[in-house]
Amino acid sequence: MNENHDLYENEAKKPIPPQQTGKENGDGEFEEPGFNFKKLMKEWVIPAALEIAVVLLLFKFVFFFVIVPTGSMVPTIQEHSFLFATRVHNPEKSLQRGDIVVFNSDELGMLLVKRLIGLPGETVVVDESGKVTVNGVPLEEPYVKNQDTLPGEFQVPVDSYLFFGDNRSGSGDARRWQQPYIPVQKITGEARFTLWPFSNFGLLD
């Protein structure tokens, strides 16, 4: 009886270990409850920062969005349309006649979207009926629905491009600019897709 009593007393005197709280972290240790700065950084802040950095790099080097400021490209592109465009890093190799190009106009002080008509070194002539010839060869333009009768002749410099709007009767383009030629370094991209308005949603051609 005494032995049992002494055993009971010895057990009662043993210190009770503190209760473990939180959850095991995989290393056999328990994480303390409450705010965990390292976990926040690892699971949220760093991944979010990397995603933002990737998106910014894509916008800088791969693609961007542009709003068409005028109706000069009607009916291909409506005024105030929201477009998806890809960056052009080497216009001499990547651009072709008929492409819809985004560029900066120093004369107007704004970003414009127009149809590429004249390549570097070419001679472009517009007659009284609005017909366009390039180096003496008539240019087929099925995208032009509103023709104009403003004539002109253009000798495109070797480092520049010539742009007209599809809406010839309502387009302020190279035919009316004091500086009709856009230097190669002012070209930013090629318009690829109409995102808005939804009635025009789709690829551009």
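Two residues are in contact when they have heavy atoms within 4.5 Å of each other. The exercises below apply this to a predicted model.

**Exercise 1. Describe the overall make-up of the protein and state what share of its contacts with a separation of 6 or more joins residues 24 or more positions apart.**

Solution. Begin with the secondary structure, which comes to three helices and 12 strands. Next take burial: of the 205 residues in the protein, 34% are buried. Finally, turning to the contacts with a separation of 6 or more, one finds that 55% of them are made by residues 24 or more positions apart.

**Exercise 2. Determine which residues touch the most other members of the largest nonpolar core, and which strand gives the most to this core.**

Solution. The largest nonpolar core has 26 residues, and those touching the most other members are F103, V124, V132, F163, F164 and I187. At least two residues of this core come from each of β3 (100-105), β4 (110-118), β5 (123-126), β6 (132-134) and β9 (160-164). The strand that gives the most is β9, with four residues. Apart from this core lies another one, of 12 residues, which includes F64, L83, A85 and I100. As for V124, when residues up to four places away in sequence are not counted, its contacts include I117, V132, V134, F154, V156 and L162.

**Exercise 3. Characterise the lining of the largest cavity, and explain why R168 counts as buried.**

Solution. The structure holds one cavity of 30 Å³ or more, and the volume of the largest cavity is about 30 Å³. Its lining consists of V126, G130, V132, Q147, D148, L150, F164, R168 and R175, which divide into four nonpolar, two polar and three charged residues. Of these lining residues, R168 lies in the loop between β9 and β10 (181-183). Because buried means under 20% relative accessible area, R168 counts as buried at its relative accessibility of 1%. Leaving out residues up to four places away in sequence, R168 touches, among others, V132, Q147, D148 and R175, each of which also lines the cavity.

**Exercise 4. Count the aromatic pairs and classify the pair formed by F193 and F201.**

Solution. A pair of aromatic rings is described by the distance of the centres and the angle of the planes. With ring centres required to lie within 6.5 Å, the count comes to eight aromatic pairs. For F193 and F201, the distance is 4.9 Å centre to centre and the angle between the planes is 80 degrees, so that, with over 60 degrees as the cut-off, the pair is edge-to-face. Elsewhere in the list of aromatic residues, F63, F65, F82 and F84 form one aromatic cluster.

Terms used:
Residues are numbered from 1 along each chain as its sequence is written. This is a predicted model: local features need pLDDT of at least 70, side-chain atom pairs count only at pLDDT 80 or more; totals for chains, interfaces and linings use all residues. Side-chain values use heavy atoms; hydrogens and water are left out. A nonpolar core is a set of buried Ala, Val, Leu, Ile, Met, Phe, Trp, Tyr and Cys residues joined through side-chain atoms within 4.5 Å. Buried means under 20% relative accessible area, exposed over 50%, partly exposed in between (1.4 Å probe, protein chains only). On a 1 Å grid over the protein atoms alone, a cavity is a set of points where a 1.4 Å probe fits but cannot get out, and a pocket is an open set with protein on both sides within 12 Å along at least five of seven lines; lining residues have an atom within 4 Å of a point. Grid points are joined across faces, edges and corners, and a volume is the space filled by probe spheres set on the points. Ala, Val, Leu, Ile, Met, Phe, Trp, Tyr, Cys and Pro count as nonpolar, Asp, Glu, Lys and Arg as charged, and the others, Gly among them, as polar. Rings of Phe, Tyr and Trp (its six-membered ring) pair if their centres lie within 6.5 Å; planes under 30 degrees apart count as stacked, over 60 as edge-to-face and the rest as tilted.
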